[in-house]
Amino acid sequence: MQDLLLKLLPNLMVRIPEFIDSIIDTLKMVAISGGFVFLFGILIGVTLIVTRDGGILEQRAVFQAFDKLINIFRSVPFVILISLLLPLTRLIVHTSIGVKGAIVPLVIGTVPFFARQVEAALSEIDKGVIEAAKAMGMGPVTIIFKIYLREGIPALARATTITAINLLGLTAMAGAVGAGGLGDFAIRYGHNRYMTDITWVTTIVLILFVCVIQVAGNFIAKRSTH
Amino acid sequence: MIMETIIEFQNLKKKFETKDHVVEAVRDVSLRIQRGEIYGIIGFSGAGKSTLVRCINMLEKPSSGKVIVDGVELSALGEKALRHERKKIGMIFQQFNLMPSRTVFDNVALALHGSGLSKEKTEKKVEQLLEYVGLSERANSYPSQLSGGQKQRVAIARALANDPKVLLCDEATSALDPQTTRAILELLRRLNKELGITVVVITHEMNVIKRICDHVAVMENGEVVEEGDVFSVFASPQKQITKDFINITSNLTEIYDLVERKDPIVDLQSGEVLAMLKFRNATVSEPLISSVSKEFDVVCNILFGDLDIISGAPIGGTVVIFGGEEEKVTSALNHLTDKGISVEVIRDARSASKIIA
Ligand SMILES: Nc1ncnc2c1ncn2[C@@H]1O[C@H](COP(=O)(O)OP(=O)(O)OP(=O)(O)O)[C@@H](O)[C@H]1O
Ligand SMILES: [Mg+2]
């Protein structure tokens, strides 16, 4: 067994500890930035939903501001965003490399995407249901927590899945500019030093991650749909 | 019963301003709805019925005018006070608007959120409500597992959760089949009688009005064009639109189509008369046609009948072919006219007279 693996994956087998470290780095980046993205994305998505025309807290100016900001950030390619954000990154986490340095651009690069997804997910909720809630005398806070964030769970789960997969892809890209993780690993060895076995295995690991995220997302979406 | 106003509209107006034009959905409506009654609002699509009713709980803010519910001018309240008042006004909708992710039980319990009831009390209350609407066994079902009628029952239970004084029903039966409609209307009538809840019903079906309402307002183009107790409005509709509504529900007018099409069923033997009789007097109750038939020795062939009991009195009419000796037919028709029945001769095959008194 050991021999076979050594033969098939000669470059990887001698770098197992480094490989595992890069997997952990990738997971860390996805988890930490994912947490922030989820929080801010929901916050902004909900803000968009409630402040838009006909929303429960209609505020045209606020809606327009967030709407425009999202459009601007979404039109900047991620690689460029990373370098644009360097000063901010240094300010916040005091470094611009490694897992820590990747978090800021990852969060800022993904929040607009996720916020839009949240907005779309929540606008699927039947307006009649919101209306009924208003008629029952519910206030905006109750409606957000008891209706939007509750009835929206299936669609939010799907949005989160897509975003998490996206985020995983971006960590690989961030890796290329010094963030570490699987992307960095694959480029350093697989690409730059033609160690194709490393490229392959890294790809397979990333595909596996995507599958796990997808399955988990589908499970939650399905279980919360009645 | 002492008449006491529970809902009052004073010169209510509601305009919707869209980019290119302004819609006056409600133009200057003043109405009073009495406590404890079932009040119907009928009108064709776009007449402004929903807008008017949504002004009762301020889901729509009036452009001008006042809405007073149980002594409180809702149109003058701030958000918080308004939310408090809304709890006293239940509402049900055509599309039920239940929360799909919650069970029947939780849907009803949600209405009690923030009511300060303990968990046990909430549970008890929800159980009572579900029992009242006849859905106890479905407490753990999800809305998607229920029929339309059952969904509306849940919506009613939910609307009753905060012991409202008023229940607003926006086309509550329009998505339901006739039998289910009947059952839901029955439930509305029951909660009106037993719980003393004032019910406001919006519909475009005269049948709904006929079946449960005490008063009716007819809306057209944002205005109330006719208003009154249901029997009077049915008995002597003033406006064309009201007549149209009554005719839609009645199959009597089909006779005109049959005559037009020269259907064999309306072919008369010589001496016969095809007439439409309309009862519009609350005192008519004796079995008129059979007594006329006996008394005047005429043959009465009833083609259509559309009799309804509204507010305890019969209303409607029949289309009848009278046959027999000509004079006898004529006196029978005269007798009916004397009895206060409107007799409209549609076809006349009598040789001598074409005119009846
Ligand atoms: N939010 C809105 N924005 C713009 N116009 C509206 C709005 N709501 C209603 N209207 C318009 O106001 C008029 C009255 O609408 P409303 O819904 O009150 O009619 P309705 O009698 O309830 O009709 P239906 O039987 O179809 O429900 C219509 O012309 C409608 O297009
Ligand atoms: Mg309507």
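This is a short talk about a sheet, a ligand and two unusual loop residues in a predicted model.

Okay, hi everyone. Please keep in mind that we are looking at a predicted model throughout. I'll spend most of my time on chain B.

Let's begin with the big layout. The domain assignment splits chain B into domain 1, residues 5-248, and domain 2, residues 254-348. If you take the centres of those two domains over C-alpha atoms, they are 39 Å apart.

Now, the sheet. Chain B has an open sheet of six strands, and if you walk across it you meet S6-S7-S8-S3-S9-S10, with mixed pairing. Which strands sit at the edges? Those are S6 (89-93) and S10 (223-229) of chain B, and each of them pairs on one side only. On average, neighbouring strands here are turned by 15 degrees against each other, if you ignore direction. For anyone new to this, strands in a sheet pair through backbone hydrogen bonds, and they can do that parallel or antiparallel.

Let's zoom in on S3 of chain B, residues 38-43. Is this strand buried or exposed? Six of its six residues are buried, meaning under 20% relative accessible area, so the strand is largely enclosed by the rest of the structure. Look at where the residues point, too. Ile38(B), Gly40(B) and Ile42(B) go one way, while Tyr39(B), Ile41(B) and Gly43(B) go the other way, and all of them are buried.

So who are the neighbours of S3(B)? On one side we have S8(B), residues 198-203, which pairs with S3(B) in the parallel sense over five bridges. Then there is S9(B), residues 215-220, also running parallel to S3(B) and joined to it by five bridges. Ile42(B) is a nice residue to click on: its bridge partner in S8(B) is Thr203(B), and its bridge partner in S9(B) is Val218(B). Ile41(B), meanwhile, has Ala217(B) as its bridge partner in S9(B).

Next up, ligand 1. What surrounds it? A set of chain B residues, including Phe16(B), Val23(B), Phe44(B), Gly46(B), Lys49(B) and Ser50(B). Let's go through some polar side chains. Ser45(B) has a side-chain N or O atom 2.5 Å from an oxygen atom of the ligand. For Thr51(B), a polar side-chain atom is 2.5 Å from a ligand oxygen. With Glu171(B), the distance from a polar side-chain atom to an oxygen of the ligand is 3.5 Å. Taken alone, ligand 1 would expose 630 Å², and the protein buries 62% of that.

Last topic: backbone angles. Most residues other than glycine have a negative phi. Here are two that go against that trend.

One is Tyr194(A), with a positive phi near 50 degrees. You'll find Tyr194(A) in the loop between helix H11 (181-191) and helix H12 (196-223) of chain A. Tyr194(A) is exposed, at 71% relative accessible area.

The other is Asp297(B), whose phi is positive as well, at about 55 degrees. Asp297(B) belongs to the loop between helix H11 (288-296) and strand S12 (299-310) of chain B. Its relative accessibility is 52%, and Asp297(B) counts as exposed because the cut-off is over 50%.

That's it from me, thanks for listening!

Conventions. Residues are numbered from 1 along each chain as its sequence is written. Chains are lettered from A and ligands numbered from 1 in the order in which they are written. This is a predicted model: local features need pLDDT of at least 70, side-chain atom pairs count only at pLDDT 80 or more; totals for chains, interfaces and linings use all residues. Side-chain values use heavy atoms; hydrogens and water are left out. Buried means under 20% relative accessible area, exposed over 50%, partly exposed in between (1.4 Å probe, protein chains only). Helices (H or I, at least four residues) and strands (E, at least two) are DSSP runs, numbered from the N terminus. Two strands pair if DSSP finds at least two bridges between them. Domain bounds come from an automatic or database domain assignment. A residue is near a molecule or strand if one of its heavy atoms lies within 4 Å of it. A polar contact is a pair of N or O atoms within 3.5 Å; within protein, one must be able to donate a hydrogen and the other to accept it, and residues adjacent in sequence count only if both atoms are side-chain atoms. Accessible areas come from the Shrake-Rupley method with a 1.4 Å probe; for residues, only the protein chains shown count as cover. Axes are lines fitted to C-alpha atoms, for helices over the stretch in contact, and angles run from 0 to 180 degrees between N-to-C directions.
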